[in-house]
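Grab a viewer and something to scribble on. The exercises below walk through one model, each with a worked solution.

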Amino acid sequence: MKRRHLMMGGAAAMSLGACSSPSKFRTYSGPDVTYIVVNKEARRMYLLHDDKVLKDYVIDLGFAPIGDKFFEGDGRTPEGTYLIDRRNPNSQFHLSLGISYPNERDRAEAAALGKPPGGDIFIHGESSPFKRRRSDWTWGCIAVPNREMEDVYAMVRNGTPIQINP
């Protein structure tokens, strides 16, 4: 009987501990993020207010990071100017912000190759923060650790321009 009470008490304590874990949704009350710049070669992403850097992050990219994205499945992260156009609070990668890829140029380049351009390019967190990952593991997205993605998600609004440089 004592053993059962001990086990039930332990399970209850674990349940309560899970309830008190911090939310992945943060608030931000600083200057607006007016632009995002990604420099692929340097593996850096910058959140800017006008010309002032508010935050910068080390990033991972697609598994074939060199060059522009040309078609679905090529593992490359697109290059060019896009917009943040959607938010996914239930992403399998913690939280995510959608990038407006493909644009007309991207569709034309893929069509010239006889391939679909793909889509669903995001800035996102990790699928599991406990897995050791190699660098540049996404299928073309921009990834940051989950804690940092919580800040990015709070700071960046839909409609924010993003410039992705080689």
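What follows is a set of exercises, from the overall fold down to single residues.

**Ground rules**

Residues are numbered from 1 along each chain as its sequence is written. The model is predicted, so local features need pLDDT of at least 70 and side-chain atom pairs pLDDT 80 or more, while totals for chains, interfaces and linings use all residues; side-chain values use heavy atoms, with hydrogens and water left out.

**Exercise 1. Work out which elements the chain has and in what order they come.**

Step 1: Start with DSSP runs numbered from the N terminus, where a helix is H or I over at least four residues and a strand is E over at least two.
Step 2: Tally them, and the chain comes to three helices and eight strands.
Step 3: Read along from the N terminus, and you get α-β-β-β-β-β-α-β-β-α-β.
Step 4: For the bulk picture, 38% of the 166 residues count as buried. Here buried means under 20% relative accessible area, exposed means over 50%, and partly exposed is in between, using a 1.4 Å probe and protein chains only.
Step 5: Take contacts (heavy atoms within 4.5 Å). Among those with a separation of 6 or more, 60% join residues 24 or more positions apart.

**Exercise 2. Find the strand order of the sheet and say which strands stand at its edges.**

Step 1: Two strands pair if DSSP finds at least two bridges between them. In general, the pairing goes through backbone hydrogen bonds, either parallel or antiparallel.
Step 2: Follow the pairs, and the eight strands make an open, mixed sheet in the order 3-2-1-8-4-5-6-7.
Step 3: Strand 3 (52–58) and strand 7 (142–143) each have a single partner strand, so one side of each lacks a neighbour in the sheet.
Step 4: Zoom in on strand 1 (residues 35–39) and strand 2 (residues 44–49): they run antiparallel and are joined by five bridges. One residue to click on is I36, whose bridge partner in strand 2 is L47.
Step 5: Strand 2 and strand 3 are antiparallel too, over six bridges, and L48 stands opposite V53 in strand 3.

**Exercise 3. Track down some unusual backbone angles and say where they sit.**

Step 1: Recall the baseline: most residues other than glycine have a negative phi, and most peptide bonds are trans.
Step 2: R43, in the loop between strand 1 and strand 2, has phi near 55 degrees. R43 counts as partly exposed because its relative accessibility is 24%.
Step 3: D50 also has a positive phi, about 55 degrees. The hairpin of strand 2 and strand 3, where D50 sits, has two residues between the strands. With a relative accessible area of 53%, D50 is exposed.
Step 4: Now check omega: the bond from Y101 to P102 is cis, with omega near 0 degrees. P102 is in the loop between strand 5 and helix 2 (104–112).

**Exercise 4. Is helix 3 mostly covered or mostly open, and what packs on it?**

Step 1: Count buried residues: eight of the 10 in helix 3, so mostly covered because of that burial. Among them are M149, V152, Y153 and M155.
Step 2: Look for the cover, which includes strand 2, strand 3, strand 4, strand 5 and strand 6.
Step 3: Get the crossing angle from axes fitted to C-alpha atoms (for helices over the stretch in contact), with angles from 0 to 180 degrees between N-to-C directions. Helix 3 (residues 146–155) runs at about 145 degrees to strand 3.
Step 4: Try one strand residue: R87, in strand 4, touches Y153 as well as S96, L97, V156, R157 and N158, leaving aside residues up to four places away in sequence. At 28% relative accessibility, R87 is partly exposed.**Exercise 5. How much space lies in the largest pocket, and which residues are closest to its centre?**

Step 1: On a 1 Å grid over the protein atoms alone, a pocket is an open set of points where a 1.4 Å probe fits, with protein on both sides within 12 Å along at least five of seven lines; lining residues have an atom within 4 Å of a point.
Step 2: The largest pocket holds about 390 Å³, the volume being the space filled by probe spheres set on the points.
Step 3: Of its 19 lining residues, F93, G119, D120, W139 and C141 are closest to the centre.
Step 4: Strand 6 (residues 121–124) gives the most to the lining, with three residues.
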